[in-house]
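Welcome, and thanks for taking a look at this one with us. Below we walk through a small sheet and a set of charged contacts.

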Amino acid sequence: LVAEMGGLHDFVSWPRGMLTDSGGFQMVSLLHLAEITEEGVMFQSPTDGSSMLLTPEESISIQNRLGADIMMALDDVVPATAKDPKRFEEATYRTTRWIDRCIQAHSRPTEQNLFGIVQGGLDPHLRRISAAQLVERDLPGYAIGGLAGGESKDDFWRMVALGAELLPPGKPRYVMGIGYPLDIVVCSALGADMYDSVYPTRTARFGVALVPSGVMKLKNSCYGKDFKPIDETCSCMVCKKYTRAYLHNVVTRGIPSAAMLVTYHNVAYMQNLTRRM
């Protein structure tokens with residue numbers, strides 16, 4: 001259906017940049033329902049138990065039909081907190097073999113940009129190998145993957161710094177799965193360019209707004225008679241039109257518009273943050 005309607009841009013009427021992921025993250029989030037082999041990933045449906053094989057070729061075929069500007073290669077993802085060094089080594093080299101399969105399967109290279117994903121866990125040696133092998137493929141952009149999964153901030157930032165150092169200047173360097181404002185500021189200082197996360201929108205659905213001092217939990221009773229905007233320095237539509245007292249009222253009552261309004265503000269907050277960097 002999406003392909004018949006001209007791809008995602010026309011399907012959702014979004015004329016700006018768009019990125020689709022490969023399905024690799026589900027190898028972590030649905031690990032208990034997945035079996036990873038050289039061929040691909042066999043997922044088991046949590047509803048009816050049926051099996052579906054996701055290969056690098058199938059992932060790219062789906063993304064080609066979706067038509068986003070940037071598409072991610074299917075990689076072998078291992079949580080950074082895993083304890084098996086051999087599994088990290090296996091995943092690092094498999095990710096390289098899979099990027100070659102992704103490149104071969106890519107049917108729209110002049111219209112869509114295929115990014116590779118650096119793996120290697122918290123092992124600098126494996127990270128260097130992965131980055132070097134991907135850079136040899138001269139891809140349009142590169143991601144630093146396999147992080148933001150429970151490792152310490154120190155380990156996380158060290159691997160981001162190493163990844164940014166190893167990847168070529170002049171091409172996008174994308175740290176996957178991060179959305180906390182502090183992480184984005186630090187990673188940008190380390191040389192990263194792109195990020196993705198559900199954090200700003202998911203936290204909004206719980207009535208939590210992003211503000212320069214951290215977060216504002218609009219469910220708290222102290223906002224019930226507070227007639228200031230969420231953020232007096234913010235020029236978004238929500239801060240121009242609505243008070244904390246109003247938002248407290250709709251958030252605590254679970255009115256659907258509350259999630260939309262706080263989401264709007266949080267996205268605007270993140271856009272303003274990145275513009276200032």
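## A pair within one helix

How far apart are the closest N and O atoms in the salt bridge that Glu90 forms with Arg94? The model here is a predicted one, and in it those closest atoms of Glu90 and Arg94 are 3.3 Å apart. Both residues belong to helix α4, where four residues, about one turn of the helix, separate them.

Are the two partners buried or exposed? Glu90 has a relative accessible area of 35%, so it counts as partly exposed. Arg94 is at 6% relative accessibility and therefore counts as buried, because buried means under 20%.

## The wider network

The contact between Glu90 and Arg94 does not stand alone: Glu38, Asp76, Arg87, Glu90, Arg94 and Arg97 are linked in a network of salt bridges. Across the model, the count of salt bridges comes to 16.

## A link between two helices

Another salt bridge joins the side chains of Glu57 and Arg101, at 2.9 Å from N to O. This pair connects distant parts of the chain, with Glu57 in helix α3 (residues 56-66) and Arg101 in helix α4 (residues 85-105), 44 residues apart.

How accessible are these two side chains? Glu57 is partly exposed at 31% relative accessibility. Arg101 is also partly exposed, with a relative accessible area of 23%.

## Asp226 and Lys228

Further along the chain, Asp226 makes a salt bridge with Lys228, and their closest N and O atoms are 3.2 Å apart. Asp226 has 11% relative accessibility, so it falls in the buried class. Lys228, at 35%, counts as partly exposed.

## A three-stranded sheet

Now to the strands. In what order do the three strands of the open sheet run? The order is β2-β3-β4, and the pairing is antiparallel. At the edges are β2 (34-36) and β4 (51-54), each of which pairs on one side only. On average, neighbouring strands of this sheet are turned by 20° against each other, direction ignored.

Strand β3 covers residues 41-44, and four bridges join it to β4 in the antiparallel sense. To find this pairing in the viewer, look for Met42, which stands opposite Leu53 in β4.

Definitions and conventions
Residues are numbered from 1 along each chain as its sequence is written. This is a predicted model: local features need pLDDT of at least 70, side-chain atom pairs count only at pLDDT 80 or more; totals for chains, interfaces and linings use all residues. Side-chain values use heavy atoms; hydrogens and water are left out. Two strands pair if DSSP finds at least two bridges between them. Axes are lines fitted to C-alpha atoms, for helices over the stretch in contact, and angles run from 0 to 180 degrees between N-to-C directions. A salt bridge is a side-chain nitrogen of Lys or Arg within 4 Å of a carboxyl oxygen of Asp or Glu. Buried means under 20% relative accessible area, exposed over 50%, partly exposed in between (1.4 Å probe, protein chains only).
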